[in-house]
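User: Could you take a close look at one helix in this model for me, and at how its neighbours pack around it? I'd like to know how far I can trust the picture, too.

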Amino acid sequence: MRRFLILLVLWVAACTGINPDDPQYRAFVDVAQKVEPVGEAQCRKKNPNRNCDFQVQLDLDPAAPANAFQTVDRSGRPVVIFTGMMLKSFRNSDEMAFVMSHEMAHHILGHLDQQRINAVKGAVFLGELVSLEGGTPEQVANAQYVGAVVGARSYSKAFELEADTLGTIITHQAGYRPSIGVKYFDAIPDPGDAFLGTHPANPDRIRLVNQTIRKYRLN
């Protein structure tokens, strides 16, 4: 992890003109160095056979909106990506650590795998239903697409709350304060509780994090 971050700093300096001595960028490197080992340990504890060697990346495309997400590379290695706009949105290292821990928790809990399975189930179910009703190949294909979208989103809010819970614990174990990190939800738009939305309402997430803090006597 440390070697990767050093290479990332050099890449940023050479290709983007961003000064690696910028306080916010230094904070990002420091948070990643502290959170990654904790996330990796939690991952290996949960599933020793899962690839737990997290890589933290910074996407500095100026056109990319504020976002952070978890994915895997071609080798199956978990990757957590922050955009430059996302980095600028953090008010302190606790918020940064909380979001980073949350994204790692998605991998630890196997949420991407579960979403793919749900998407396939949704596509098959709705596609077969339209086919049995005599739908054309185009109608069946459209039904499969809709089924995949609905299936992938069917448990997304529950996944977000699960990741918030584990992310709270990882944040604390990495030496940061989830009680401060959770305040990031006060600074971003509330998605509400929209039907088929991908994220729960901010008050629900704040409430869950605070419950987790009290339950495990964190800070």
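Here is a walk through helix 2 and its packing partners.

Analyst: Bear in mind that this is a predicted model, so let's start with confidence. The mean pLDDT of the protein is 79, with 70% of its residues at 70 or more. Confidence bottoms out in helix 1 (residues 2-15), where the mean is 46, and peaks in helix 8 (residues 178-181), at 96. There are also a couple of stretches to treat with care. Residues 119-127 stay under 50 in pLDDT, and the model gives them 15 contacts beyond four places in sequence. Residues 145-152 are below 50 as well, with 14 contacts beyond near neighbours in sequence. Where pLDDT is low, the predicted coordinates shouldn't be read in detail.

Now for helix 2 itself, which covers residues 23-46. With 24 residues at 1.5 Å each, helix 2 should span 34 Å, and its end C-alpha atoms do sit 34 Å apart, so the expected and modelled lengths agree. Helix 2 does have a kink, though: about 25 degrees at Val35, shortly before the proline Pro37.

Val35 also turns up in the packing. Take helix 4 (residues 93-108) to begin with. The axes of helix 2 and helix 4 are 9 Å apart, at an angle of about 30 degrees. That makes the two roughly parallel, because the cut-off for that label is under 35 degrees. Their crossing is right-handed. On the helix 2 side, the residues in contact include Ala27, Phe28, Val31, Val35, Gly39 and Gln42, while helix 4 contributes Met96, Ala97, Met100, Ser101, Met104 and Ile108, among others. As a reminder, an α-helix has 3.6 residues a turn, so residues three or four places apart point the same way.

The other partner is helix 7 (residues 156-173), whose axis comes within 9 Å of that of helix 2, crossing at roughly 130 degrees. That makes helix 2 oblique to helix 7. This crossing is right-handed. Val35, Val38, Gly39 and Gln42 of helix 2 make the contact with Leu166, Ile169, Ile170 and Gln173 of helix 7. Val35, Gly39 and Gln42 are thus named in the contacts with helix 7 and also in those with helix 4.

To close the loop, helix 4 and helix 7 pack against each other too, with axes 7 Å apart at about 120 degrees. They are therefore oblique to each other, and their crossing is right-handed. Among the residues that meet there are Ala97, Phe98, Ser101 and Ala105 in helix 4, and Phe159, Ala163, Leu166 and Ile170 in helix 7. Leu166 and Ile170 also belong to the contact with helix 2.

Definitions and conventions:
Residues are numbered from 1 along each chain as its sequence is written. This is a predicted model: local features need pLDDT of at least 70, side-chain atom pairs count only at pLDDT 80 or more; totals for chains, interfaces and linings use all residues. Side-chain values use heavy atoms; hydrogens and water are left out. pLDDT is the predictor's confidence in each residue, from 0 to 100. Helices (H or I, at least four residues) and strands (E, at least two) are DSSP runs, numbered from the N terminus. Contact means heavy atoms within 4.5 Å. The expected span of a helix is 1.5 Å times one less than its number of residues. The bend at a residue is the angle between axes fitted to the seven residues ending there and the seven starting there. Axes are lines fitted to C-alpha atoms, for helices over the stretch in contact, and angles run from 0 to 180 degrees between N-to-C directions. Angles under 35 degrees count as roughly parallel, over 145 as roughly antiparallel, 65 to 115 as roughly perpendicular and the rest as oblique. A crossing is left-handed if the near helix is turned anticlockwise from the far one by less than a right angle, and right-handed if clockwise.
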